Amino acid sequence: MTITYCLTTQGADVHAVSTLVSALSVRRLHPTVRILVLTDADSAKNLRDCHHALLTVADELIIESVPDGPAALRHRFIKTRQRNRVAGDFLYLDADTVVVAPLDEIFQSTAPFAAVPNHNSPGGV
């Protein structure tokens with residue numbers, strides 16, 4: 001089982017902390033799951049410079065070349081590149097996801113692509 005996150009960060013900010021909390025919630029239920037964090041070179045450097053705990057929870061940082069622009073643009077770009085950078089089946093989780101039950105059933109799906117609505121925005125989209 002592979003879980004992915006996408007992250008652009010200044011290092012010790014809410015984005016990195018949220019990703020850490022989510023990854024720890026996955027690790028609690030699935031100690032052997034492969035956790036990948038897709039990020040850009042600047043964000044990877046920022047995480048390393050502050051010795052962020054996410055570096056010890058994630059199995060690998062995958063550094064994606066991104067266009068110049070604000071963090072939100074770089075983050076969305078990284079999200080769209082996941083299929084090109086991650087081999088095999090994977091589950092992408094937003095950083096604000098806290099996993100409270102096992103995810104095994106999700107990986108039993110035979111669908112080529114599956115998604116759920118975002119309930120954090122008005123209208124749930």
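Which element gives the most to the lining of the second largest pocket? In this predicted model, the contributor is helix 4, with five residues. Two pockets are described here, beginning with the one this question concerns.

The second largest pocket has a volume of about 420 Å³, and 18 residues line it. Nearest its centre lie Cys 6, His 15, His 75, Lys 79 and Ala 95. Besides helix 4, strand 1 (2-7) and helix 1 (14-29) each give two or more residues to this lining. Sorted by class, the lining of the second largest pocket holds seven nonpolar and seven polar residues, together with four charged ones.

Attention now turns to the largest pocket, whose volume is about 1200 Å³. Its lining is made up of 24 residues. The ones lying nearest the centre of the largest pocket are Leu 91, Tyr 92, Ala 114, Ala 115 and Val 116. Two elements, helix 4 (71-85) and strand 4 (91-92), each supply two or more residues to this lining. Here too helix 4 is the element to look for, as the largest share of the lining, three residues, comes from it. By class, the residues around the largest pocket comprise 13 nonpolar, six polar and five charged.

For a reader finding the way around the structure, helix 4 is a helpful landmark: this helix gives three residues to the lining of the largest pocket and five to that of the second largest.

Methods:
Residues numbered from 1 in each chain as written. Predicted model: local features only at pLDDT ≥ 70, side-chain atom pairs only at ≥ 80, totals over all residues. Heavy atoms only, no water. 1 Å grid on protein atoms, 1.4 Å probe; cavity = no way out; pocket = protein on both sides within 12 Å on 5 of 7 lines; lining within 4 Å. Points joined across faces, edges and corners; volume = space filled by probe spheres on them. Helix = DSSP H or I, 4+ residues; strand = E, 2+ residues; numbered from the N terminus. Nonpolar A, V, L, I, M, F, W, Y, C, P; charged D, E, K, R; others polar.
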